[in-house]
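Hi,

Here is the model we talked about. Please have a look at it first, then read my notes on the sheets below.

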Amino acid sequence: MTDTYEVVVVGGGAAGLSAALVLGRARRRTLVVDAGEPRNAPSAHMQGFLSRDGMPPAEFLAVGRQEIARYGVELVRDRAVGATKDDADGFAVALAGGRTVRARHLVVATGLKDELPPVPGVAERFGRDVLHCPYCHGWEVRDRAFGVLATTPMSVHQALMVTQWSKDVALFLHQVEETELTDDDLRRLAAAGVRVVPGEVAGLRIEDDRLTGVRLAEGSVHDREALFVAPRPVPQNDLFLELGAEMAETPFGSYPVIDERGETTVPGLWAAGNASGFAEQVVNAASRGYRAGAAINGELLFADLDAAVRV
């Protein structure tokens, strides 16, 4: 079964829904392919989105789906498993369910996955009292006893950042050696009042469904109420690679090279949200999607006008 659209959006998170909303309002035949795996699913609430601060992520997405439906945008629960491009016909996207859909433009908003440190208890508590972003969660755990689980020497930056929300911060070096910290690191940690705790972390102490401590391999337990970690971001960039988009290597993974609107080096192929970069929060992802949607409508409009002029 093959269906043709003007735009196919792969990814039904904030970026994909925002692009689809703009395109639907512009009367473009648009399909959203949503695998239903949002990055922020473990979080009970999302913060920092003006007028949506504190809204549960699932509710936010449900409202977004209702909004795009009002403008005739279709949404299918499926997964894109491959894509090809033909200069004449645009893109063909193969779905896991067996369907193939075609579009003149393709928006990839597949985001990324967070690969957590393999410490017992971390994955189970992630999004509750094991956290990654102080801007997302710092206010909710303010003034509690914080821990920061070091995964690389860059975790020093995270430890310094979270002191804005608590003055009781311990940096657990875990598998990072003290010798890997620079003199500037140590001076800043001392100035911020961050306690440096050497030794590997073996697990968490949980009492009454709450984090109460961090346990080291040598047996000691340090009382903590919130633990910040830095997951390894794994971009879901298979479609970009398959379509031959130019990629840029960063300390946080490989992302497509895009212009200010979000278009990749493959004409008609667009990136939005965390598919375009590591640091896109929900509000930024929505903005990226909006910008891509508006730019795509303009591209389609003038391509059709130019074609009419040539007739």
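**Two open sheets**

Start with the three-stranded one: 3 strands form an open, antiparallel sheet in the order β12-β13-β14. (Strands are DSSP runs of E, at least two residues, and helices are runs of H or I, at least four residues, numbered from the N terminus; two strands pair if DSSP finds at least two bridges between them.) At the edges are β12 (201–207) and β14 (221–223), each paired on one side only. From one strand to the next, the twist averages 30°. Strand β13 (residues 210–216) runs antiparallel to β14, and 3 bridges join them. Gly 213 has Asp 223 in β14 as its bridge partner.

This is a predicted model: local features need pLDDT of at least 70, side-chain atom pairs count only at pLDDT 80 or more, and totals for chains, interfaces and linings use all residues. Residues are numbered from 1 along each chain as its sequence is written, and side-chain values use heavy atoms, leaving out hydrogens and water.

Now the other sheet. It is open too, with 5 strands in parallel pairing, ordered β8-β15-β9-β10-β11. The edge strands β8 (130–131) and β11 (195–197) have a single partner strand each, so one side of each lacks a neighbour in the sheet. Strands β9 (residues 146–149) and β10 (residues 169–172) pair in parallel over 4 bridges. Leu 149 sits opposite Phe 172 in β10.

One helix to check: α5 (residues 155–162) lies across β9, β10 and β15 (226–228). Helix α5 runs at about 165° to β9 (axes are lines fitted to C-alpha atoms, for helices over the stretch in contact, with angles from 0 to 180 degrees between N-to-C directions; contact means heavy atoms within 4.5 Å).

Best wishes
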